[in-house]
4 protein chains.
Amino acid sequence: LLTMGTLESSHLGDFINIVFGLSSVAQVVLGRQNFGQHLSINLGFGIGVTLGIHAAGGISGAHLNAAITITHCILGNLPWTKLPAYVIGQFLGSFTAAATVFGLYYDALHEYTKGNFTVTGPTATASIFSTYPSPYMSLPGSFFTEFLATAMLLLGILIIHDEKNNGALKGTQALLTGILVLGIGLGMGMNTGYAINPSRDLPPRIFTAIAGWGTDVFTAGHHWWWVPLTAPTLGSLAGVFIHKIFIDFHNLPPPAMGRDTFTRSKYSI
Amino acid sequence: LLTMGTLESSHLGDFINIVFGLSSVAQVVLGRQNFGQHLSINLGFGIGVTLGIHAAGGISGAHLNAAITITHCILGNLPWTKLPAYVIGQFLGSFTAAATVFGLYYDALHEYTKGNFTVTGPTATASIFSTYPSPYMSLPGSFFTEFLATAMLLLGILIIHDEKNNGALKGTQALLTGILVLGIGLGMGMNTGYAINPSRDLPPRIFTAIAGWGTDVFTAGHHWWWVPLTAPTLGSLAGVFIHKIFIDFHNLPPPAMGRDTFTRSKYSI
Amino acid sequence: LLTMGTLESSHLGDFINIVFGLSSVAQVVLGRQNFGQHLSINLGFGIGVTLGIHAAGGISGAHLNAAITITHCILGNLPWTKLPAYVIGQFLGSFTAAATVFGLYYDALHEYTKGNFTVTGPTATASIFSTYPSPYMSLPGSFFTEFLATAMLLLGILIIHDEKNNGALKGTQALLTGILVLGIGLGMGMNTGYAINPSRDLPPRIFTAIAGWGTDVFTAGHHWWWVPLTAPTLGSLAGVFIHKIFIDFHNLPPPAMGRDTFTRSKYSI
Amino acid sequence: LLTMGTLESSHLGDFINIVFGLSSVAQVVLGRQNFGQHLSINLGFGIGVTLGIHAAGGISGAHLNAAITITHCILGNLPWTKLPAYVIGQFLGSFTAAATVFGLYYDALHEYTKGNFTVTGPTATASIFSTYPSPYMSLPGSFFTEFLATAMLLLGILIIHDEKNNGALKGTQALLTGILVLGIGLGMGMNTGYAINPSRDLPPRIFTAIAGWGTDVFTAGHHWWWVPLTAPTLGSLAGVFIHKIFIDFHNLPPPAMGRDTFTRSKYSI
């Protein structure tokens with residue numbers, strides 16, 4: 001029963017997260033830029049993350065993103081035995097979300113593609129559901145992009161929630177995390193579509209393989225599919241360790257003598 | 001007198017909500033994309049909802065959206081005898097709003113249409129006031145779109161206000177609900193114009209029938225007009241039941257043993 | 001000295017408000033849409049209002065907008081003897097702001113206009129500083145637009161600050177008021193440029209008359225200049241009275257019996 | 001050790017700040033406007049500042065912007081002996097950020113420029129990293145732009161944090177400061193790219209000199225490079241003094257008699 005609760009919580013959170021994200025891509029692509037532009041996609045994923053966090057509760061991101069869940073296991077915050085329930089919940093959530101967005105845009109997909117669902121070409125639509133690297137990208141560059149973007153995601157989540165330092169007001173952290181994801185999309189999204197989350201990428205990819213796009217979804221982009229699983233996980237760990245190092249330096253000087261005497265003083269320009 | 005208070009509260013809330021929404025559509029359509037693009041419409045409806053909730057008070061959405069009011073009646077939160085006062089208030093509010101936006105853009109409408117108010121064609125303007133499905137849409141697809149978008153609306157409202165789980169900071173929920181509606185417009189708006197609210201759609205449609213667009217507003221889109229009344233009501237109910245199911249699973253494990261020991265623990269990466 | 005304090009407070013608030021607003025118009029016009037689009041202007045004025053309220057303090061809008069200051073005098077909230085200090089402060093603030101934005105974009109203005117500052121024509125730039133009606137507008141329509149937009153502004157301000165009903169979280173009201181002004185620009189800005197404030201419009205107009213645009217700034221648009229002084233003042237009064245009427249209806253039923261038993265009940269779908 | 005803590009705190013804050021900012025410029029430039037428009041850049045820098053403040057903690061801006069740090073030293077809020085640690089931390093942060101964004105867009109840069117990194121011309125890319133004045137700008141005009149924009153930045157920061165007057169809700173000030181920077185970009189960014197911060201501009205410029213753009217980055221724009229160091233510092237001081245003057249006038253009348261009796265009265269239209 002515990003496991004079911006965990007699974008369902010992650011399921012609902014990622015379902016909401018991914019429905020908002022994927023549907024905004026669909027509207028931009030299938031609407032031929034008349035119903036939104038690239039900014040809409042960045043806003044859609046940001047709003048999805050904010051709502052997903054409100055739905056899933058608890059530690060921001062941990063319930064929505066397998067890379068962050070695994071990081072918690074490695075750090076000892078979460079027993080490894082609980083990992084499968086979280087990840088299965090997330091994967092069910094985003095698979096269901098992909099199916100829902102497919103149903104939502106079933107008519108538009110057929111009108112746009114004439115029934116020919118492809119991964120590449122002028123009416124490619126697979127990128128509505130999962131990420132693909134841009135044509136100019138090398139594999140190491142793509143891997144680094146996902147690694148870096150996820151490291152920035154974790155750094156952002158940690159500072160937004162850092163109550164000892166200068167975190168965001170309690171109850172507004174989900175909003176700030178959405179703004180963080182908006183920022184990642186604005187600046188780190190062009191190379192690879194910013195998966196930054198295995199749970200956001202793999203299940204919709206599997207869905208497209210089944211729903212008519214075929215095995216191209218796994219071979220495209222030099223077999224890109226495994227990168228959004230591994231690079232974000234390493235990036236998540238890197239983000240946590242960078243934060244640890246900088247925070248450890250912070251905490252070395254006693255508050256009465258160090259940097260804090262300046263930063264904690266009454267604001268008095 | 002009670003009824004008058006209820007009616008007036010819903011009236012003011014939906015008047016504000018719909019004036020902001022419809023006027024932003026008018027500005028984009030009549031301004032030929034020079035005074036805003038599709039994003040402006042999504043922002044306009046989001047801001048309208050935020051302000052409408054601040055005006056109408058109480059349970060977010062219940063005073064602005066007949067589908068949500070009916071859901072409250074079905075769930076026993078509101079006596080059926082009060083339903084008419086709410087719905088009449090909402091309908092008066094959005095009818096008045098449509099008339100106000102018509103007055104606001106009277107000059108621009110005549111300049112844009114040369115006085116020929118039509119539902120379809122290159123200078124169609126009926127969609128400023130009420131929703132119509134896109135040409136590529138089937139009726140089942142359109143029905144499903146409104147059903148799904150309203151289910152997502154309810155899911156969003158419920159998680160934003162869920163103080164037991166991870167809701168938004170009190171006093172910021174109206175803002176978050178506006179952001180939710182922005183997200184629905186970004187991702188679920190292309191197919192049918194996201195009515196997601198009978199009170200937003202029918203009264204402005206009646207207004208256009210009277211004000212010069214004629215009975216086409218009821219026959220267009222395969223007699224589309226009844227779908228924004230029924231699909232959102234079913235979607236609202238579905239959203240509540242999905243939330244109930246997932247929340248019930250959540251609450252099964254006692255807090256000391258279950259998922260909550262993880263999620264409630266001090267944030268400690 | 002009291003008067004000086006009042007004057008300076010309004011001066012600083014409107015200086016900030018108008019510098020952000022006018023400079024965003026300048027950037028869109030002089031940048032030929034490459035450095036922002038219409039949405040930028042709407043965002044610029046919204047952010048200006050938020051910052052202006054933080055600067056001027058006290059009752060939102062009262063220190064930034066002569067129409068609202070006059071409304072306070074008529075309602076007996078502010079002695080008429082104090083009106084001049086507020087209005088002079090506001091006018092000095094927005095005049096200084098116009099001069100500042102003129103200085104900021106001096107090089108760009110000359111590059112764009114070849115030194116020929118005009119109110120109309122392909123390189124018209126007077127609308128960077130003050131508002132002009134669109135060519136298709138009639139004078140009654142323009143007057144109604146400013147009347148309505150200001151009435152909506154007041155309605156919005158009053159509901160955002162209504163702590164008895166469902167106002168915004170204290171300390172976030174300036175942000176919400178900026179979002180309100182963003183919404184007005186998105187939906188009610190095309191006809192007349194949404195002056196909605198005599199203090200925002202007349203002093204920059206006087207500045208342009210002096211700085212090289214000549215007396216055309218007063219004759220253009222059928223002598224439009226007096227409308228942003230009168231229509232917002234009447235609209236502000238109308239907004240307050242509409243709010244009073246709807247709020248009075250609200251407060252008639254005693255809380256234990258009326259609408260409030262529903263709206264104040266625990267949120268419990 | 002104290003110095004290391006200070007240095008690392010500023011390092012992390014500006015690293016985050018500048019990665020979000022520069023990467024959003026890169027995405028717009030290298031993506032040929034298909035992955036964002038000018039607004040994306042304004043949003044990217046705004047989000048970067050918000051996150052940078054959450055990371056660096058303490059007095060907003062002091063840890064991210066050498067102009068503000070120097071202002072604190074001049075005002076006696078910070079000992080001059082601590083200045084080097086702050087500035088070195090900021091410079092390391094933004095240098096590292098420039099290198100990171102260079103790595104992130106290494107493939108895209110080569111595809112866009114065919115390996116020819118230039119400061120001017122049709123495929124100029126130096127402006128991804130540091131600022132350059134627009135071709136139409138005179139040097140005095142450019143200097144004034146950076147001076148004014150930074151003065152507005154400081155005015156904004158001070159009023160957002162002014163708890164005695166009408167500041168923003170505690171815990172939301174980082175968000176408001178990001179919105180302030182968004183507003184500066186919307187209205188004061190076209191002339192010179194709104195450096196408004198020596199720490200944001202010089203280290204990425206040095207990076208580009210090393211990484212392949214050559215010494216042109218220092219000679220371009222009439223040796224523009226020194227202006228983002230000096231003009232923001234003077235502007236920061238000016239902003240503080242303007243605030244002091246207006247606040248001093250405010251505080252002269254005793255609260256019981258002066259302007260405050262109006263502004264502090266219960267909100268009661």
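1. Let's start in the nonpolar core of this predicted model. The largest such core holds 275 residues. Which residues touch the most other members? They are A:Ile16, A:Leu30, B:Ile16, C:Ile16 and D:Ile16. Helix H1 of chain A, residues 2-30, gives the largest share of this core, with 12 residues.

2. It is worth clicking on B:Ile16, one of the residues just named. Set aside its neighbours within four places in sequence, and what is B:Ile16 in contact with? In chain B, the partners are B:Leu51, B:Gly52 and B:Ala55; in chain C, they are C:Met152, C:Leu155 and C:Ile159.

3. Next, take a look at chain A as a whole. How many helices and strands does chain A have? The count is 11 helices and zero strands, so reading from the N terminus you meet one α element after another. Of the 269 residues in chain A, 66% are buried. Now consider contacts in chain A between residues at least 6 apart in sequence: 72% of these join residues at least 24 apart.

4. Chain B offers a nice helix pair to inspect. Helix H2 (residues 38-56) and helix H7 (residues 173-188) of chain B have axes that come within 8 Å and cross at roughly 150 degrees. Because angles over 145 degrees count as roughly antiparallel, H2(B) is roughly antiparallel to H7(B). Their crossing is right-handed.

5. Who meets whom in that pair? On the H2(B) side, the residues include B:His38, B:Leu39, B:Phe45, B:Val49 and B:His54. Facing them from H7(B) are residues including B:Ala174, B:Leu175, B:Gly178, B:Val181 and B:Leu186. By class, the contact of H2(B) with H7(B) has 10 nonpolar, eight polar and no charged residues.

6. Chain C has a pair to explore too. Helix H6 (residues 139-160) and helix H7 (residues 173-188) of chain C pack at an angle of about 155 degrees, with their axes 10 Å apart. H6(C) and H7(C) are therefore roughly antiparallel to each other, and their crossing is right-handed.

7. Which residues make this contact? From H6(C) come C:Thr145, C:Ala149, C:Met152, C:Leu153, C:Gly156, C:Ile157 and C:Ile160. From H7(C) come C:Gln173, C:Leu176, C:Thr177, C:Leu180, C:Val181, C:Ile184 and C:Met188. The contact of H6(C) with H7(C) divides into 10 nonpolar, four polar and no charged residues. You may recognise C:Met152 here, since C:Met152 is also in contact with B:Ile16.

Notes. Residues numbered from 1 in each chain as written. Chains lettered and ligands numbered in written order. Predicted model: local features only at pLDDT ≥ 70, side-chain atom pairs only at ≥ 80, totals over all residues. Heavy atoms only, no water. Axes fitted to C-alpha atoms, helices over the stretch in contact; angles between N-to-C directions. Helix = DSSP H or I, 4+ residues; strand = E, 2+ residues; numbered from the N terminus. Parallel < 35°, antiparallel > 145°, perpendicular 65-115°, else oblique. Left-handed = near helix turned anticlockwise from the far one by under 90°. Contact = heavy atoms within 4.5 Å. Nonpolar A, V, L, I, M, F, W, Y, C, P; charged D, E, K, R; others polar. Core = buried A, V, L, I, M, F, W, Y, C linked by side-chain atoms within 4.5 Å. Buried < 20%, exposed > 50% of the residue type's maximum accessible area, 1.4 Å probe, protein only.
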